[in-house]
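Subject: Structure for you to look at, with notes on its pockets, cores and cavities

Dear colleague,

I am passing on the structure below, and after it you will find my notes on what turned up. Please read them with the structure open beside you.

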Amino acid sequence: MKMHFCIPVSQQRPDALGGRYVLYSVYLDGFLFCKVRYSQLHRWDEQLRRVFGNCLPPFPPKYYLAMTTAMAEERRDQLERYLQNVTADPRVTRSDVFSEFLTLVQLHTLNITIQNAELAVFLPDGRSIKVEGLTSDTAERVLEVMAHKLGLQPELVGYFGLFLIRCFPEGKLSVVKKLADFELPYTSLQSSEMENCKIGLRKWYLDPALDTMLMDCRAAGDLLYMQAVQDIEKEWMKPTQAQREELKALQKKENQTKFLELSQEVRHYGYVQLDPCTCNHPEPGCGAQLSIGNNEISCCITLPNGQIQDIAFQMSRVKCWQVTFLGTLLDTDGPQRTLNQNLELRFQYSEDSCQQWFVIYTKQAFFLSSCLKKMISERMTKLTEQSPEMQIEVPEQGRSKKHPGKPSQKDYFNFLRKGKMKRSEGDYVWDTLTEEGL
């Protein structure tokens, strides 16, 4: 599936020869990723084509005359679509020519040189592990070093990820985003405008049944245990009073196996909880607490009159969703480097032969979208494992895996809905999931 790349603004700059060039501000998951010129992206595309040939998406053509305002806007839009499409191919994103270019432009944007650096990566129990490396180390590289330090089996590394996490004085935490493999954790911390942010290690799957894949590894079991304890402390999991007392007793005895077995019976185990937000259901202006996992979006909704409603939206009935930025374009010469203001995620839900759009207003809209894509990917992987006649290349826990056979068109509709990005009436819209074009 496509990544949340966009270019919300471009700026003209003078060059050394007295002319002018356009500098594009590229955002990923709502955060400034890099600033690049058309010529840089064009050379990168030529390098990619030498490796992958003409299977790449079309690159915006050169203009040999001065561009009009309409032409400049068309190029910006074409570059957005190119970045969206080229990053949808896992073969491309796993290549050296892809990651080396993105590493350089990330460093150049923040004027960071390649040098030795020490990065603190926090575990769910609050401890941090120092990773010594370079400022140019990618999230994938840092995760591999962390796995080695913890004794995590190499084949299980893809079940975990590095996240940008914000900590609040009162003890609460907010998962801001998951770092893509090619992102540089060092620059992500430098570019974030948010206070009290850190890089944290967490599991990156939303199907609790996948725990069984990890339990034979002591290091993986330790990480799952730490995160379960943290989720209870942060009230992301909802144990009953009896479950809470039994879990405390097992924790006191340091019986991790029994603790995790009981945790799997607790409501919202393994879910990701978002910060409090608002929604339009069942009426505008409702408060909402969202928990995402186990193929559902669980909503605890507070009505304007103070009443509470619990609603669960099943992913099998979500037809499509999109993230929209409802605001003016940014002036990236200023201090603002995020698109996390005035974001909404809307999804179309089918129930009882009726389809309805639900809107969630949250600064974590991009992260919410990533979680929804993750659940789709996990469900597709499970489907292909259950149907040997299918053959499709499915990203599985950060790696691509081939399954024999051929999927039906129905399977494509349900699980491989294609994404696109478009601009509509001055707002930026990321159509993350749609059945169009299949």
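I begin with the second largest pocket, whose lining is made up of 19 residues, and of these Arg20, Tyr21, Val22, Met67 and Arg75 lie nearest its centre. Please bear in mind throughout that this is a predicted model. The space in the second largest pocket comes to about 490 Å³, and its lining draws at least two residues from each of strand 1 (5-14), strand 2 (20-28), helix 1 (38-52) and helix 2 (69-86). Strand 2 contributes the most to that lining, with four residues. Sorted by class, the lining of this pocket consists of nine nonpolar, six polar and four charged residues.

As for the protein chain as a whole, its secondary structure comprises 11 helices and 20 strands, and 53% of its 438 residues count as buried. Among the contacts in the chain with a separation of 6 or more, 56% are between residues 24 or more positions apart. The accessible surface of the chain is about 21000 Å², and carbon and sulfur atoms account for 47% of that surface.

Turning to the interior, the largest nonpolar core contains 45 residues, and those with the most contacts inside it are Val121, Leu152, Leu162 and Leu201. Two or more residues of this core come from each of strand 4 (116-122), strand 5 (128-134), helix 5 (139-150), strand 6 (160-167), strand 8 (197-203), helix 7 (218-233), helix 8 (241-252) and helix 9 (256-263), and helix 7 gives the most, with nine residues. A second core, separate from this one, has 44 residues, including Leu274, Leu303, Phe347 and Tyr349. If you would like a single residue from which to explore the largest core, Val121 touches, among others, Ile129, Val131, Val142, Met146, Leu162, Ile199 and Leu201, leaving aside residues up to four places away in sequence.

Finally, there are the enclosed spaces, since a search of the whole structure finds eight cavities of 30 Å³ or more. The largest cavity holds about 150 Å³ of space and is lined by 13 residues, with Leu32, Phe33, Thr187, Ser188 and Ser191 lying nearest its centre. Strand 3 (31-37), helix 4 (96-109) and helix 6 (185-191) are the elements that give two or more residues to this lining, which by class has six nonpolar, five polar and two charged residues.

With best wishes

Definitions and conventions. Residues are numbered from 1 along each chain as its sequence is written. This is a predicted model: local features need pLDDT of at least 70, side-chain atom pairs count only at pLDDT 80 or more; totals for chains, interfaces and linings use all residues. Side-chain values use heavy atoms; hydrogens and water are left out. On a 1 Å grid over the protein atoms alone, a cavity is a set of points where a 1.4 Å probe fits but cannot get out, and a pocket is an open set with protein on both sides within 12 Å along at least five of seven lines; lining residues have an atom within 4 Å of a point. Grid points are joined across faces, edges and corners, and a volume is the space filled by probe spheres set on the points. Ala, Val, Leu, Ile, Met, Phe, Trp, Tyr, Cys and Pro count as nonpolar, Asp, Glu, Lys and Arg as charged, and the others, Gly among them, as polar. Buried means under 20% relative accessible area, exposed over 50%, partly exposed in between (1.4 Å probe, protein chains only). Contact means heavy atoms within 4.5 Å. Accessible areas come from the Shrake-Rupley method with a 1.4 Å probe; for residues, only the protein chains shown count as cover. A nonpolar core is a set of buried Ala, Val, Leu, Ile, Met, Phe, Trp, Tyr and Cys residues joined through side-chain atoms within 4.5 Å.
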